[in-house]
Amino acid sequence: MKKLLIPVLSCLLFACHHGPSAADYVKEGNKGLTHKMPPREALAAFDTAIALNPNYAVAYANRGRVKVIAHDFYGAENDLQKALDLDPKMTGVYYFIGYAKWQVADFGGSRLAYDKEIEYYPKNAQAYADRGYLRQMQRDENGALQDFNQAISLKPDTFADVYTARALLKIKMKDKNGGCADLHRSLTLKKDSITQHYIDINCR
């Protein structure tokens with residue numbers, strides 16, 4: 001009997017844990033972010049993590065990101081906002097809110113979210129690229145060009161599609177030489193028949 005007193009007392013003093021923790025379930029659910037696990041299974045893992053720790057900001061943020069992958073954009077917004085409520089400085093959350101709002105045609109809300117992402121994390125090149133596409137869609141061509149420039153300056157060897165988008169803007173704005181240079185740069189980053197078509201019709 002005396003041998004049992006030490007482990008029992010240890011549990012009373014140090015809160016013994018039985019089974020996987022909330023962090024373990026988040027780690028499992030994160031496989032859904034890289035498509036190593038179906039979204040349904042990843043969401044179930046995050047649900048369990050949140051049930052174990054209702055104030056786990058990362059669990060809400062990553063569950064929101066998986067909901068984006070599953071095209072549950074309204075659900076994603078709710079989770080991402082909850083993550084921000086718990087941790088206002090969490091990196092990248094405003095970016096995914098912007099993306100989710102764009103997908104449900106809340107373009108004003110999307111723009112505000114991208115603005116916040118860039119305000120807090122000015123080196124997020126993808127946020128500049130996406131805000132540029134949004135500005136282009138809203139006919140803010142000068143703003144779009146500025147965002148594309150910034151995205152490319154931060155990651156010059158990454159955004160083939162941004163080079164193409166910037167090229168078409170430049171050509172529309174009567175900068176044919178600059179546009180053609182961007183089209184050729186895009187093609188060196190990613191072989192693409194559409195970009196080649198734009199070269200064929202614009203850069204002869």
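## L189 and its surroundings

In this predicted model, L189 is partly exposed, because its relative accessible area is 28%, a value that falls between the 20% limit for buried and the 50% limit for exposed. L189 belongs to helix α11, which covers residues 176-189.

Along the chain, L189 and A160 are 29 residues apart, yet their C-alpha atoms are separated by 5.7 Å. With neighbours within four places in sequence left aside, the contacts of L189 are P156, D157, T158, F159, A160 and Y163. One of these, Y163, also appears in a nonpolar core described below.

## Helix α5

Helix α5 runs over residues 73-86 and has 14 residues. At 1.5 Å a residue it should span 20 Å, and its end C-alpha atoms are 20 Å apart, so the expected and computed values agree.

The buried residues of α5 are F73, G75, A76, E77, D79, L80, A83 and L84. E77 and D79 are thus listed alongside F73 and L80 as buried. The partners against which the buried residues of α5 pack are α4 (57-69) and α6 (93-103).

## Nonpolar cores

In soluble globular proteins, nonpolar side chains tend to be buried together. The largest nonpolar core here has 26 residues, and the members that touch the most others are V66, M90, V93 and I97. At least two residues of this core come from each of α2 (22-29), α3 (39-52), α4, α5 and α6. The most is given by α4, which supplies 6 residues.

V66 can be followed further. Apart from its neighbours within four places in sequence, V66 is in contact with G29, G32, L33, P39, A42, L43 and F46. A second core, separate from the one that holds V66, has 19 residues, among them Y95, I118, I152 and Y163.

## Packing of α6 and α8

Two packed helices are described by the angle between their axes and the distance between the axes. For α6 and helix α8 (residues 125-137), the angle is about 30° and the axes are 10 Å apart. Angles under 35 degrees count as roughly parallel, and α6 is therefore roughly parallel to α8. Their crossing is left-handed.

On the α6 side, the contact is made by Y95, Y99 and W102. On the α8 side, the residues are Q126, A127, D130, Y133, L134 and M137. Y95 therefore has two roles to note in the list of named residues: Y95 takes part in the contact with α8, and Y95 is included in the second core.

Note on methods. Residues numbered from 1 in each chain as written. Predicted model: local features only at pLDDT ≥ 70, side-chain atom pairs only at ≥ 80, totals over all residues. Heavy atoms only, no water. Helix = DSSP H or I, 4+ residues; strand = E, 2+ residues; numbered from the N terminus. Expected span 1.5 Å × (residues − 1). Buried < 20%, exposed > 50% of the residue type's maximum accessible area, 1.4 Å probe, protein only. Contact = heavy atoms within 4.5 Å. Core = buried A, V, L, I, M, F, W, Y, C linked by side-chain atoms within 4.5 Å. Axes fitted to C-alpha atoms, helices over the stretch in contact; angles between N-to-C directions. Parallel < 35°, antiparallel > 145°, perpendicular 65-115°, else oblique. Left-handed = near helix turned anticlockwise from the far one by under 90°.
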